[in-house]
Amino acid sequence: MLHTFVAYVEDLPGVLTRVASLFRRLNINIHSLTVGRSEQAGLSRMTVVCEASAEAGHRIQASLYKLENVVEVDDIAQAPSVTRELALIKVAATPRTRSQVFELVEVFRARIVDLAPESLTIEMTGVESKIEGLIQVLNEGEGRILEICRSGKLTMRRGHHTSGVLKAMSVGADESAEVPAEDGAAVEQE
Amino acid sequence: MGTDANTQALNHPPARLTGAEIVWATLVGEGVTDVFGYPGGAILPVYDALRKFPIHHTLVRHEQGAAHMADGYSRASGKVGVAIATSGPGATNLVTGIATAMLDSIPIVCITGNVSSKVLGSDAFQEVDITGITLPVTKHNFLISRAEDIAPAIRYAFQIAKSARPGPVLVDITKDAQQATAIFDFEAAKPRPHRIHPMRKVEESGLAHAAELIKNAKRPVILAGHGIIESGAMEQVRTLAERAQIPVALTLLGLGAFPASHALNLGMMGMHGESWVNHAIQDADLLIACGMRFDDRVTGSVATYATKAKKIHIEVDPAEVNKIIKVDVPLIGDLREVLEALLPRISSRDGAAWLKTIDGFKGDSAVRDIKNLPDLGHLYAAHVIHDIWRITGGNAIIVTDVGQHQMWEAQYYHHEQPRTLITSGGLGTMGFSLPAAIGAKFACPEKEVWVIVGDGGFQMTAGELATIAQEGIKINIAVINNGYLGMVRQWQEFFYERNYESTPMVSPDFVKLADAHGIAGLTVRTRGEVAEAVNTARSAPGAFLLNFKVEKEDSVYPMVSAGSALHEMIRRPGGNDPLEES
Ligand SMILES: Cc1ncc(C[n+]2csc(CCOP(=O)(O)OP(=O)(O)O)c2C)c(N)n1
Ligand SMILES: [Mg+2]
């Protein structure tokens, strides 16, 4: 199954290697990995998406916690969450062929962020399936895709959790207050 | 902690020292009195500063030996062992020793020098990325390039090495950091408190469930592992066993955690465990795993492992729970603490019927008391080890290498006390024994230390004989010389149609080799000579080597071949077995 781990790690040299090495050792391929600053000074937030057996989740979480620089780990698993991905897609398009791309961008509620005589760059934020969808129709269209840059998944649990609350949750706090939501639908188009 | 040296460091007013001095001052503060190492360019400032500090440095002959000595020091005493090496080849030579400590959860701290921070990553002379190399075989490691970071890193390293499930930590210090100065303030360098693994948890309901299972079990077995020794839970395990009359099976690294002579002690489990131990486990309706990790050498095939048994797993490392064997009641915490919480819920139980059944299992396997066997002119390793046990009263620290002799040691030397068997279990590192014994002797100078080593493994680290000579320490060495890489030969015999490829081994005359180091020795060829030779070695003032020329093609029985069910054992071919009473 697909696992999504959110980890708060100390913002120090080599920490990414330690986390990545743990997955490598288990011979698990990481689908996507995003790292950036978090709301807490000195801590980075990672979202790691990987394919592994259902039982592996516990062991991966437990092993991540054994790394000295890992402060907090949440195994999002099937919990209600908001997941987004950002993609930049550069498409070959001349003034003559642009309009078709414009239309698709409109339909997918993406944006054009760069326009050059021979190409244009689309910025698209959404769930993975929507990005895949845009890529597919672009491939079917006239404009050749020149480059794709995808951020990988960014995930956050729904509801009033701050990272500090995650700890409390892992010892069985009441989750009933959460907003139930089916993810994956094209809701929320920021 | 709490030693004079420690107090001295604590009272030491903050002062400006070089990074090299800070290394030693911090070690002194951590209570270190002995280190094992080998110098070189990138660690020279540290060596230059040594004379100012009350620490004894043992010069090893290979850095692998330094790591094993630190490891043996720790296993014998429970303290953190320290190894020191230079950059590049010095550091890489440590790796086998570090991995050995990692696989057996032994707290050691390794300090390496590295090239100056300005040239890090430039393939400078003797530069190697040792923090990268050791990342998967350490609990944690540090690359330090500023003098002011040295004390906090070393103190943190000690904390990590000792805490929860112990293990090795490496601190790599660039040469310029050793040469620079900083204010040394031992107190200020104290690490933040150790964070308890958030997934450690022992719930009331779990304790109640465990107590209920124990109460109702008809055929319970305690699986006693190394964690008992690490946690210091010998008394608690014993109380549990005695109160509920539960027999105890031990892992290799658990030997000594429960007295061998205790009526409830079954012996060692697993690949070379006695048949009744494995039968008891396979027939059990409840397994209480204490500080053990269901290693493949103790489970045999996982699918057929103790299928009738409910399982309680008391373990400090959450990542070990449900890793190999799915358990019914995980109690994730420090073993001693968990048992202390559990024991008030355990009342006395009648275990007689089950113990009698297990005695029945023993009936069909020969009793392994071999001391009264006739001397047929053959010398068996079992004889040798049995005699060493008898003559040392089971009180020596035995440090074994890896191979057949290691398993015979486990079968024939009966350990009453924890930390009296020092052996590389998880990694199975040949060459471990001689250096580890040196470390053990430094940790426990008043104890009798014996090395039991194969002719193969001995040659891997025999250079440390010179270390023994230089340090003038008393260690007795029993080479179980069968002319083969015996354990591999045994696998070839059983599983590769006796194709003894690359296992017969020509060796030097070990007695002459010892002699060349100024160490006395004797060759023993018959059973009749064993006892006297052992006594000669013991009473000799210095180190002594006994070269036991044993039966060449003997095998370790019983054996569960890898991947077989635990109760499917290869037994010693019947009939004329000189090791078994009829
Ligand atoms: C460093 C290392 N290399 C190889 C092995 C594989 N191995 C396991 S036991 C063994 C034979 C050991 O021979 P010896 O030291 O003579 O002991 P014996 O089995 O004969 O008692 C070998 C080669 C190992 N455990 N460690
Ligand atoms: Mg041999």
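This passage describes a strand and a metal site in chain B of a predicted model. Residues are numbered from 1 along each chain as its sequence is written, chains are lettered from A and ligands numbered from 1 in the order in which they are written, and side-chain values use heavy atoms, with hydrogens and water left out. In this predicted model, local features need pLDDT of at least 70 and side-chain atom pairs count only at pLDDT 80 or more, whereas totals for chains, interfaces and linings use all residues.

Strand β9 of chain B spans residues 220-224, where strands (E, at least two residues) and helices (H or I, at least four) are DSSP runs numbered from the N terminus. Five of the five residues of β9(B) are buried, that is, under 20% relative accessible area with a 1.4 Å probe and protein chains only, exposed being over 50% and partly exposed in between. B:Pro220, B:Ile222 and B:Ala224 point one way from the strand, while B:Val221 and B:Leu223 point the other way. With pairing requiring at least two DSSP bridges between two strands, β9(B) pairs in the parallel sense with β12(B) (residues 286-290) over five bridges and with β10(B) (residues 248-250) over three. B:Ala224 stands opposite B:Cys290 in β12(B) and has B:Leu250 as its bridge partner in β10(B).

The magnesium ion (ligand 2) has as protein donors B:Asp455 (OD), B:Asn482 (OD1) and B:Tyr484 (O), at 2.0 to 2.1 Å; donors are N, O and S atoms within 2.8 Å of the metal (3.2 Å for Na, K and Ca), and sites may look incomplete because water is not among the atoms. Because B:Asp455 lies in helix α19 (residues 455-460) of chain B and B:Asn482 in the loop between β18 (476-481) and α21 (486-495) of chain B, the pair ties together parts that are 27 residues apart in sequence. Both B:Asp455 and B:Asn482 are buried.
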